[in-house]
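Please look over the sequence and the structure below before reading on. The text that follows is meant to be read alongside them.

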Amino acid sequence: MTILLRLKQYCSKALAGEAAISEENIEYFGELCKQAIRKQFTPRDKEFKIRMSQIGKDIREQQGELLNLPKDEEMEYNLILKFLFGDLTEAMVMTLLKASGVQIEEEQKAVKLDIAGIELEGTYDVKINNKIYDIKSCSPYAFSNKFERGFADVERLDSFGYTTQLYLYSQADK
């Protein structure tokens, strides 16, 4: 049974009052939510380091960060809320995957890959059926216009480096 079919069946049963979520999964979700709040509202180390998740970032922006140059524009105040929304979406998806019986092999696994003497680090979201997935949230517009056909669209319209990121995670995890 596919991952999507398991999720659809579980959610349909829950809507019909035929499925309950376990206390264990509720606690799991709560822990992920606490981690998300801590991650977004705890000051971070400012040391520059290229990570697999930043591969698609504009090279000039990365150079500016490396050299600690001032940014041309101040970040919008609500950017942290967008990041938090993404983290909370991931928490919800991971909880529903577990509740629906999807067999998760790994989650939040840190990986490293040496490329020409440069060590890249990253943390992938989840591994299911020996495949690595990255959970993303997006606006309805992006979903309808960028990701409608799944990975084929992501690969074709990848302005963020998602496909490279997944490839690097996969290579590092072998």
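The paragraphs below go from the overall layout to the helix packing, the cores and a few single residues.

The model is a predicted one. It contains seven helices and three strands. Read from the N terminus, the order of these elements is α-α-α-α-β-β-β-α-α-α. The C-alpha atoms fit in a box of roughly 55 × 35 × 30 Å along the principal axes. The protein has 174 residues, and 27% of them count as buried. If contacts between residues at least 6 apart in sequence are taken, 60% of them join residues at least 24 apart.

Helix H4, residues 79-99, is a useful place to begin, and its partner here is helix H2, residues 23-41. The axes of H2 and H4 come within 9 Å and cross at roughly 160°. Because an angle over 145 degrees counts as roughly antiparallel, H2 and H4 are described as roughly antiparallel to each other. Their crossing is right-handed. On the H2 side, the residues that meet H4 are Asn25, Tyr28, Phe29, Leu32, Cys33, Ala36, Ile37, Lys39, Gln40 and Phe41. On the H4 side, they are Ile80, Phe83, Leu84, Asp87, Leu88, Ala91, Met92, Met94, Thr95, Lys98 and Ala99. By type, the residues of this contact between H2 and H4 divide into 15 nonpolar, three polar and three charged.

H4 also packs against helix H1, residues 3-15. In this pair the axes are 9 Å apart and the angle is about 85°. H1 is therefore roughly perpendicular to H4, since angles of 65 to 115 degrees count as roughly perpendicular. H1 contributes Ile3, Leu7, Tyr10 and Cys11 to the contact, and H4 contributes Leu96, Leu97 and Ala99. The residues of the contact of H1 with H4 are seven nonpolar, no polar and no charged.

Next come the nonpolar cores. Which residues make up the largest nonpolar core? It has eleven residues in all: Leu7, Tyr28, Leu32, Cys33, Ala91, Met94, Leu97, Val102, Val126, Ile128 and Ile135. H2, H4 and strand S2 (118-128) are the elements that give two or more residues to this core. A second core, separate from this one, has ten residues, among them Met52, Leu113, Tyr169 and Ala172. Leu97, a member of the largest core, can be followed on its own. With its neighbours within four places in sequence left aside, Leu97 is in contact with Ile3, Leu7, Val102, Ile104 and Ile128.

Beyond H4 the chain enters a loop that leads to strand S1 (104-115), and Ser100 lies in that loop. Is Ser100 buried or exposed? Ser100 has a relative accessible area of 10%, and because buried means under 20%, Ser100 counts as buried. Apart from neighbours within four places in sequence, Ser100 is in contact with Arg6, Leu7 and Tyr10. Leu7 and Tyr10 also belong to the H1 side of the contact between H1 and H4.

Other residues have more of their area accessible to the probe or lie far along the chain from a chosen partner, and can be taken one by one. Lys34 is found in helix H2 and is partly exposed, with 39% relative accessibility. Its C-alpha atom is separated by 34 Å from that of Arg60, and Lys34 and Arg60 are 26 residues apart along the chain. Thr42 lies in the loop between H2 and helix H3 (59-66). At 43% relative accessibility, Thr42 counts as partly exposed. The C-alpha atoms of Thr42 and Leu4 are separated by 34 Å, with their positions 38 residues apart along the chain.

The last two residues concern backbone angles. Most residues other than glycine have a negative phi. Gln108, which is not a glycine, has a positive phi of about 50°. Gln108 is found in strand S1 and is partly exposed, with a relative accessible area of 42%. Asn130 also has a positive phi, near 60°, and is a residue other than glycine. Asn130 has its place in the loop between S2 and strand S3 (131-133). With a relative accessible area of 57%, Asn130 is exposed.

Notes. Residues are numbered from 1 along each chain as its sequence is written. This is a predicted model: local features need pLDDT of at least 70, side-chain atom pairs count only at pLDDT 80 or more; totals for chains, interfaces and linings use all residues. Side-chain values use heavy atoms; hydrogens and water are left out. Axes are lines fitted to C-alpha atoms, for helices over the stretch in contact, and angles run from 0 to 180 degrees between N-to-C directions. Helices (H or I, at least four residues) and strands (E, at least two) are DSSP runs, numbered from the N terminus. Angles under 35 degrees count as roughly parallel, over 145 as roughly antiparallel, 65 to 115 as roughly perpendicular and the rest as oblique. A crossing is left-handed if the near helix is turned anticlockwise from the far one by less than a right angle, and right-handed if clockwise. Contact means heavy atoms within 4.5 Å. Ala, Val, Leu, Ile, Met, Phe, Trp, Tyr, Cys and Pro count as nonpolar, Asp, Glu, Lys and Arg as charged, and the others, Gly among them, as polar. A nonpolar core is a set of buried Ala, Val, Leu, Ile, Met, Phe, Trp, Tyr and Cys residues joined through side-chain atoms within 4.5 Å. Buried means under 20% relative accessible area, exposed over 50%, partly exposed in between (1.4 Å probe, protein chains only).
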